[in-house]
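Morning, everyone. Let me put the sequence and the model up, and then I'll talk through the biggest pocket and a few charged pairs.

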Amino acid sequence: MTRPRNEVPMPRKKPPITINRGRDTIRRLTAQRTETRDARQYAEQWYQTLRTWDVHFPDVLPKISYAAFRDQGTYDPLTMGEGGPPQKTYLRTPAGEISETEIGQIITDMTLSTLPDTVQLGRMLDRLRRHDNGCMAALLRPDGRWERNREAAMRYALAVLTLAVRLGDVHAERPRQLIERDLYQLTNVTC
C-alpha cells in the first residue's frame, strides 16, 4: 500500500499590479483620507460651537398688552412681569438648533457617569462650556491637520462628537468612530 504524498502548497502569488488594481487602491486610500479629514472638520465645527456657546432666543410673535381692556385701578398680580416663564434659549449647532438646557443636562450626566472615560469626556465638555482658559482655541491648523498637542485635540474632538451622538446627531457617529480609532492607535503604540 502506498501512501499519498503530502503536497506542499505553493506560495500564492499576488496578482500583478494592473492599471485597474492601482486605480482601485488609489481610490480606496483617497476615500479614507477624505473621510478622516471630514471627520476632523466636523469635530472642529462642534468644538467651536461649544467653545463660543452663542445662545439665542427663538423668534416669537410680539406680546400684546391687554392693559387698555382692564378696569382702571385694578391689576392682576399674575400679569405684572413680562408675562410668563422665561423663554428657552437655543444653541446653534451643526445638527441644528438644540436647547441649551438639554446640552447642559447631557454634559452634567456625563460628568456624573460611573464610567471613568465618560466622566473624563464630560469634564472636558464642562471646561469648554465654562470658557476655561485651559481649553484649546482650535482643534485644527489652517491646513486641516491636528494642532500641536495632537492627543489633546483628538480627545476634545472625541468629547464633542460623543456629545453630538448623545444629542441625536446621526452625522456624528462615523466621525466619532474614526477619531476614536485614531486616538486608540496614537495612545497604544506597540513596539
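**The pocket and the salt bridges**

So, straight in: with 5 residues, α5 gives the most to the lining of the largest pocket. Helices here are DSSP runs of H or I with at least four residues, strands are E runs of at least two, and both are numbered from the N terminus.

Quick housekeeping. This is a predicted model, where local features need pLDDT of at least 70 and side-chain atom pairs count only at pLDDT 80 or more, while totals for chains, interfaces and linings use all residues. Residues are numbered from 1 along each chain as its sequence is written, and side-chain values use heavy atoms, with hydrogens and water left out.

Back to the pocket. A pocket here is an open set of points on a 1 Å grid over the protein atoms alone, where a 1.4 Å probe fits, with protein on both sides within 12 Å along at least five of seven lines; a lining residue has an atom within 4 Å of a point. The largest one has a volume of about 310 Å³, that being the space filled by probe spheres set on the points, which are joined across faces, edges and corners. It is lined by 15 residues, and Asp117, Leu121, Leu158, Glu180 and Leu183 lie nearest its centre. The elements giving two or more residues to that lining are α3, α4 (150-166) and α5. What is the lining made of? It divides into 5 nonpolar, 5 polar and 5 charged residues. Charged means Asp, Glu, Lys and Arg; nonpolar means Ala, Val, Leu, Ile, Met, Phe, Trp, Tyr, Cys and Pro; the others, Gly among them, are polar.

Now the salt bridges, meaning a side-chain nitrogen of Lys or Arg within 4 Å of a carboxyl oxygen of Asp or Glu. The count comes to 11.

Staying with α5 (residues 173-187), Glu173 and Arg176 sit 3 residues apart, about one turn of the helix. Their closest N and O atoms are 3.1 Å apart, in a salt bridge. Buried or partly exposed? Arg176 is buried, at 16% relative accessible area, while Glu173 is partly exposed at 27%. The cut-offs are under 20% for buried, over 50% for exposed and partly exposed in between, with a 1.4 Å probe and protein chains only.

In α3 (residues 116-129), Asp126 and Arg129 are also 3 residues apart, about one helical turn. Their side chains meet at 2.6 Å, N to O, and both residues are buried.

Last pair: Asp143 bridges to Arg145 at 2.8 Å. Asp143 is partly exposed at 49%, and Arg145 is partly exposed at 46%.
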